[in-house]
Amino acid sequence: MRLVIAKCTVDYSGRLDAHLSEAVRLIMVKADGCVAVHADGGAYKPLNWMNAPNHIREYEEDGELRWTVTNEKKEQLTIKLHEILSDFTEEMGLDPGLQKDGVEAHLQELLAANVEKISAGMVLVRREYPTDIGPVDLLCRDVAGIAVAVEIKRRGEIDGVEQLTRYLEYLNRDGNLRPVSGIFAAQEIKPQARVLAEDRGIRCLIIDYDALRGIESNELKLF
Amino acid sequence: MKFRCERDALVEQLGTASRAVSSRGGALPVLTGIHLAARDDLLTITGTDLEITVRASVSVAVTEPGEAVLPSRIAVDIVRSLDSGAVEVEVSGEEAKIVGGRSQFSVRTLPVDDFPVLADPSGDEVTVATADLAAGLKQVVRAASSDDARPILTGVLMSAEDGGLRLVATDSYRLAVRDLPDATVLSEGQKVLVPSRALDELSRVLGESEEVRVRLGEREVTFNVSVKDGEVQVTTRLIEGEFPNYRQLIPSSYPNQLTIGREPLLEAVRRVKLMARDTTPLRLTQKSDCVELMAVTQDVGQAHEEVDAQYDGDELTVAFNPDYLIQGLEAALGDEVVLETLDALKPAVLRSSQGGDFLYLLMPVRVS
């Protein structure tokens with residue numbers, strides 16, 4: 001990551017022409033080639049930016065440093081650096097990515113590790129069970145050995161029921177799995193989604209995320 | 001379809017049925033609409049979100065029988081905005097005309113064929129005195145949970161108890177139990193879990209009628225009530241699942257008993273609650289001849305009040321969510337109530353000092 005604070009003017013030409021007159025700005029050049037020009041305000045949105053892949057050329061013209069940033073669509077950002085106040089580079093390494101608490105992947109992971117919470121005697125066959133129309137979140141066998149496809153959502157809405165219905169239709173074509181029943185599991189399930197699921201013989205399951213994580217509330221409760 | 005009726009009657013019944021209409025149709029946009037069926041000088045208005053269905057009927061002068069689905073909110077707003085007097089509704093093609101006085105509206109209808117066909121109620125009909133049921137629902141329904149994460153707690157348990165009917169609801173912080181000894185709705189040992197939202201809607205229409213007709217089907221329950229302008233029918237799916245075993249939480253005796261005037265305590269709690277902001281609990285210190293109420297909110301202030309009472313037990317401070325305590329006191333019967341406690345962390349019981357058919361179990365709040 002290279003961070004340059006400089007008094008600069010910026011010109012963009014491409015889908016339209018735009019000009020940023022002379023001012024002190026932060027120019028951010030990321031390792032993947034993204035270039036963003038920021039003012040000292042606003043949360044995240046740069047004044048101007050070019051997404052990678054870019055070609056960046058640094059050169060001098062009329063005694064001033066210039067950068068031209070060009071992408072595959074021939075859009076071009078020209079930055080005239082009148083005075084450089086700071087120029088800092090740091091190797092940041094690979095980013096592990098954003099991990100959101102409570103997202104479906106974590107719910108899936110927790111439920112896969114605790115399939116007996118779905119139903120007593122349930123065993124996990126596989127997480128992300130592959131099918132030609134996409135992976136089923138969990139494929140399990142219940143206590144009677146019947147295959148059960150589990151679709152996990154944070155918020156259970158009709159789209160999720162439709163998705164599980166498609167998986168069930170597909171899985172039930174497989175003679176080795178047939179009959180396959182369905183469980184629609186979510187932290188909350190909308191009434192319409194519940195009605196649709198139950199109408200299609202799909203069981204609805206509310207996931208208590210805190211309980212799955214083993215977190216006990218400090219609140220006193222009757223149940 | 002074409003009919004004519006009084007605006008006041010129509011607005012009342014439209015408003016009642018529209019309360020069950022889904023705010024977002026989801027996969028079935030027609031569910032945002034209200035179904036009108038006019039025949040034999042009777043208009044039947046139906047709103048549903050597939051979980052709760054409210055059907056309200058009103059006498060009208062039908063010129064041309066038929067049915068239509070109108071966008072619920074706009075239809076209700078239009079009729080409500082009209083002056084009292086005759087209203088005429090005429091539907092032709094995909095347009096409904098609503099005329100009242102010198103006002104005229106035309107509204108695009110929703111496809112009537114998409115509206116779900118709702119099954120007629122099943123099960124034998126039994127009747128319950130409206131006054132009993134209304135009082136019971138008022139005391140119990142508010143204790144039910146509104147959190148869909150635990151759907152069973154969003155229901156009110158109706159169970160047969162000693163030949164009568166018992167209503168039980170809990171949100172896991174408090175539990176309300178009301179016995180209706182004269183209401184024979186269920187057969188011995190039978191119990192059903194009815195969505196509290198449906199019972200809330202039912203409570204709204206229980207007015208001047210003397211009795212409620214109840215039909216219990218395999219998966220749904222239907223309540224019929226005669227109202228001023230016609231008839232209202234509330235049908236709801238039953239909640240499947242096992243209601244928590246609440247009986248085990250009610251000890252047969254308590255070492256500490258506070259006997260106090262219901263109204264003076266209620267008023268004092270309301271006053272002291274003014275300083276119990278957000279989740280701040282209200283502390284009750286029970287002494288031999290009084291109870292001290294106190295609420296402290298950091299950086300805001302505190303409130304303190306003493307109320308005369310008769311207390312039998314060791315001096316004990318116990319804290320409650322003030323809203324839950326207020327609701328329990330409002331629901332309790334009689335001039336005097338008894339608050340029974342074991343310790344500061346175990347559920348307390350609130351009931352009338354004369355005994356009676358209502359019990360309110362309230363979980364304390366942990367305080368340092």
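Select chain B and colour it by burial: of its 368 residues, 51% count as buried, and since the coordinates belong to a predicted model, everything on this tour should be read as a property of that prediction. With secondary structure switched on, chain B shows six helices and 26 strands. If you draw its contacts at a separation of 6 or more, 64% of them join residues 24 or more positions apart.

**The five-stranded sheet of chain B**

Next, select β5, β1, β7, β8 and β9 of chain B, which in that order make up an open sheet with antiparallel pairing. At the edges stand β5 (61-64) and β9 (103-108), and because each has a single partner strand, one side of each is left without a neighbour in the sheet. Looking along the sheet, you will find neighbouring strands turned by 15° against each other on average, direction ignored.

Zoom in on β8(B), residues 95-100, which pairs with β9(B) in the antiparallel sense over six bridges; here B:Gly100 has B:Ser103 of β9(B) as its bridge partner.

Now add the helices that lie on these strands. Helix α1(B) lies across β1 (2-6) and β7 (86-92) of chain B, and its direction is at about 100° to that of β1(B), while α2(B) lies across β8 and β9 of chain B, running at about 175° to β9(B).

**The pair of helices α1(B) and α2(B)**

Keep only α1 (residues 7-18) and α2 (residues 72-81) of chain B, whose axes are 9 Å apart and which pack at an angle of about 155°. Since angles over 145 degrees count as roughly antiparallel, that is how α1(B) runs relative to α2(B). The crossing of α1(B) past α2(B) is left-handed.

To see the contact itself, show the side chains of B:Arg7, B:Leu10, B:Val11, B:Leu14, B:Gly15 and B:Ser18 on α1(B), and those of B:Ser72, B:Ala75, B:Val76, B:Val79 and B:Arg80 on α2(B). Coloured by class, this contact of α1(B) with α2(B) comprises six nonpolar, three polar and two charged residues.

**The eight-stranded sheet of chain B**

Helix α2(B) also leads to another sheet, for it lies across β2 (33-39) and β6 of chain B, running at about 95° to β6(B). Select that sheet as a whole: eight strands form an open, antiparallel arrangement in the order β6-β2-β3-β4-β17-β16-β15-β10 of chain B. Its edges are β6 (66-71) and β10 (125-129), each with a single partner strand, so one side of each is left without a neighbour in the sheet. From one strand to the next, the twist averages 20°.

At the β10(B) edge, look at the pairing with β15(B), residues 211-216, which is antiparallel and extends over five bridges, with B:Val126 standing opposite B:Val214 in β15(B). Then bring in helix α4(B), residues 196-205, which packs on the sheet by touching β4 (52-59), β16 (220-227) and β17 of chain B, its direction making about 15° with that of β16(B).

**Across to chain A**

Finally, select helix α3 of chain A, residues 191-199, where the buried residues are A:Gln192, A:Ala193, A:Arg194, A:Val195, A:Leu196 and A:Ala197. What do the buried residues of α3(A) pack against? Within chain A, the partners are β10 (147-156), α2 (158-171), β11 (180-189) and β12 (203-206), and they are joined by β17 (230-237) of chain B. The last stop lies just after α3(A), where A:Gly201 takes a positive phi of about 75°.

Key: Residues are numbered from 1 along each chain as its sequence is written. Chains are lettered from A and ligands numbered from 1 in the order in which they are written. This is a predicted model: local features need pLDDT of at least 70, side-chain atom pairs count only at pLDDT 80 or more; totals for chains, interfaces and linings use all residues. Side-chain values use heavy atoms; hydrogens and water are left out. Buried means under 20% relative accessible area, exposed over 50%, partly exposed in between (1.4 Å probe, protein chains only). Helices (H or I, at least four residues) and strands (E, at least two) are DSSP runs, numbered from the N terminus. Contact means heavy atoms within 4.5 Å. Axes are lines fitted to C-alpha atoms, for helices over the stretch in contact, and angles run from 0 to 180 degrees between N-to-C directions. Angles under 35 degrees count as roughly parallel, over 145 as roughly antiparallel, 65 to 115 as roughly perpendicular and the rest as oblique. A crossing is left-handed if the near helix is turned anticlockwise from the far one by less than a right angle, and right-handed if clockwise. Ala, Val, Leu, Ile, Met, Phe, Trp, Tyr, Cys and Pro count as nonpolar, Asp, Glu, Lys and Arg as charged, and the others, Gly among them, as polar. Two strands pair if DSSP finds at least two bridges between them.
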